[in-house]
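Hi,

Here is the model I said I would pass on. Have a look at it first, and then read my notes below.

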Amino acid sequence: MKKLLFILLVIVSIFRVNSQTLSQTNNSNSSLLLGNNIDKSEYLFDKTLSQITNSDFEVYIPSQLSINVATKDKMLTVENLYNFQIKKTNNFLILGINGSGKINNSIASILENSNIVGGFSGNLLLGFKFFRIKNETDIYNAFVDKIKKIDKDDKEILKKLKQEIGNLGQIEGHWFYINPSIEGRKFKNYFPSNNFDSQIVKENKSLWALNIGYNYWSPNIYGFNSILGVSYTPKFTDNFSELTEFSLVEQQTATNNIIQRVSSSKTTVYSGEYKTSHKQDLNFETYLVHNKMPNFGLYLGYLNTFEKNIKTLTTFSTGLYFSKPKQPTNPSIGIVVNFNDINDNFNLDSDKKFSINLVTRLNIGSVFK
Amino acid sequence: MNADVRLKVSGNTKAIPVVILEHLDFKNVMRFKNGEWSKTFLNFPIDTDKKLDFALLCAGIPFQECKVTVTIRVGNKTKSKESTDIFGPKGWAIIKDELKL
């Protein structure tokens, strides 16, 4: 099993040479229609009348399961997101189901002894998304009135009409969501100063979080294509990332009078005090892409973490993301700088106050893909 | 002459407030399903010039591409055309094209 996971990781790394994730298309959203208001003409287009039976009008099969592989996070995610359009409106109900497997230990220790410390996570997403167009009637009238007089090859005049309509009004998106998740943690906690028999403690914990949030999108606020988000997350979490990873070698010796046999096995362990705690996160985020530089995105985040009887931890993050052409809100990679504990409540060491991360996905943007 | 017409618009489009076919305009007529917008008109009257004029106003994320596929069927013959436009800085894309029968 461990070998299989290792081979998977190698394959994933090879894929990564060409792409950040295996799935980067816009089509990762699939949909179902609500109720029985299915457009019969769709079917009549595909079939002749004689072939149609009543059952043809009832089934729409959702599709496009997406598989994301992030080698940096050593994570394989299977995602499916359904958009249910509410009859003849720009309102959608959202249902998403995700599952992922994660490798927690360092690449170096995997390469050295093929020993994988794994974890799993799963989450459910329920949401309501809607789009509004300001001055929709004016835009409708202006478009209908002018487009008929324009020749299809007159690109300049079409461009001008686009600007004129933009001045009349623009679209904006709103998204409310609730996102419960569960994560499994399984590893060996190592206490070198304990008695020999109690040096290794197997930990097996289930962690959870309930993420409730709102996002707003506008294509143009002072020239910026903008996504703003606020979320509140009560959670049961741990300090696994603060533990120190070791590779432990165990040797067994068997001997008779002539031959001595030594066998050794390697295992990955973590030292440090492992703690779980109840916390609440309040997170404000924004992602901005300027019209003049569509391949660069600016990320700003302000996260407050509350814990009972403990002072608030405030983290400010800023990041620069790089995206492919025509994909401004779906960046490939970004560099994020975190300033931890900006209020100096915890007297953190200087090396913990500041961190730079290379990130492969933008969570806030994914909702408007 | 009448023909069956199907419109499909890429799923990255967020709203399609207006669709114009020949001289008729339709408000919010497209439906979102299976990851894309679609609408089929059966027995749609085509002008005597034997081509279908179509225009769509679409809203989406600036600099993404809006792709419209129009398919027309007369009798057993089917013809298709794909037109694209890039969403402008204020999120609008305009598709205006024609499909000859």
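What is the strand order in the open sheet of five strands in chain B? It goes β4-β5-β1-β7-β8, and the pairing is antiparallel. The strands at the edges are β4 and β8 (77-86) of chain B, each of which pairs on one side only. From one strand to the next, the twist averages 25°. Before I go further: this is a predicted model, so please read everything here in that light.

Inside that sheet I looked at one pair in particular. β1(B) and β7(B), the latter covering residues 65-74, are antiparallel and joined over six bridges. If you want a spot to zoom in on, K8(B) has T69(B) in β7(B) as its bridge partner.

Chain B also has an open sheet of four strands, in the order β3-β2-β6-β9, again with antiparallel pairing. Here β3 and β9 of chain B are the edge strands; each has a single partner strand, so one side of each has no neighbour in the sheet. Neighbouring strands of this sheet are turned by 20° against each other on average, if you ignore direction.

Two pairings in the four-stranded sheet are worth a click. β2(B) and β6(B) run antiparallel and are joined by six bridges, with I20(B) partnered by A55(B) in β6(B). On the other side, β2(B) pairs with β3(B) over four bridges, also in the antiparallel sense, and there V19(B) stands opposite F26(B). The hairpin of β2(B) and β3(B) has two residues between the strands, and E22(B) takes a positive phi near 50° in it.

Follow β3 of chain B onward into the loop that leads to β4 and you reach N28(B). N28(B) is not a glycine, yet its phi is positive, at about 45°. Most residues other than glycine have a negative phi. N28(B) counts as partly exposed because it has 16 C-beta neighbours inside 10 Å.

Now for how the two chains meet. The contact takes 46 residues from chain A and 39 residues from chain B. On the chain B side, the elements that each supply at least two residues are β1 (2-9), β2 (13-21), β3 (24-27), β4 (31-33), β5 (36-45), β6 (51-60) and β9 (92-100). By class, that side of chain B has 16 nonpolar, eleven polar and twelve charged residues.

One piece of chain A to look for here is helix α4 (residues 136-147), which lies across β2, β3, β6 and β9 of chain B. Those are the strands of the four-stranded sheet, and α4 of chain A runs at about 40° to β2(B).

α4(A) has a helix partner within chain A as well. Its axis and that of α5(A) (residues 155-168) come within 9 Å and cross at roughly 160°, so α4(A) and α5(A) are roughly antiparallel to each other. The crossing is right-handed. From α4(A) the contact uses D138(A), I139(A), A142(A), F143(A), K146(A) and I147(A), and from α5(A) it uses L161(A), E164(A), I165(A) and L168(A). Sorted by class, that contact has seven nonpolar, no polar and three charged residues.

As for chain A overall, it has six helices and 15 strands. Of its 369 residues, buried ones make up 20%. Among its contacts between residues at least 6 apart in sequence, 62% join residues at least 24 apart.

Two residues of chain A to finish with. K279(A) is in strand β11 (residues 276-290). Is K279(A) buried, exposed or partly exposed? Its 16 C-beta neighbours inside 10 Å make it partly exposed. Leaving aside neighbours within four places in sequence, K279(A) is in contact with K235(A), T237(A), T305(A), F306(A) and E307(A). The C-alpha atom of K279(A) is separated by 9.7 Å from that of D238(A), which is 41 residues away along the chain.

The other one is N347(A), in the loop between β14 (333-339) and α6 (350-353) of chain A. N347(A) has a positive phi of about 45°, although it is not a glycine. With 7 C-beta neighbours inside 10 Å, N347(A) counts as exposed.

Cheers

Definitions and conventions:
Residues numbered from 1 in each chain as written. Chains lettered and ligands numbered in written order. Predicted model: local features only at pLDDT ≥ 70, side-chain atom pairs only at ≥ 80, totals over all residues. Contact = placed C-beta atoms within 7 Å. Nonpolar A, V, L, I, M, F, W, Y, C, P; charged D, E, K, R; others polar. Pairing = 2+ DSSP bridges. Axes fitted to C-alpha atoms, helices over the stretch in contact; angles between N-to-C directions. Buried ≥ 20, exposed ≤ 12 C-beta atoms within 10 Å, placed from the backbone. Parallel < 35°, antiparallel > 145°, perpendicular 65-115°, else oblique. Left-handed = near helix turned anticlockwise from the far one by under 90°.
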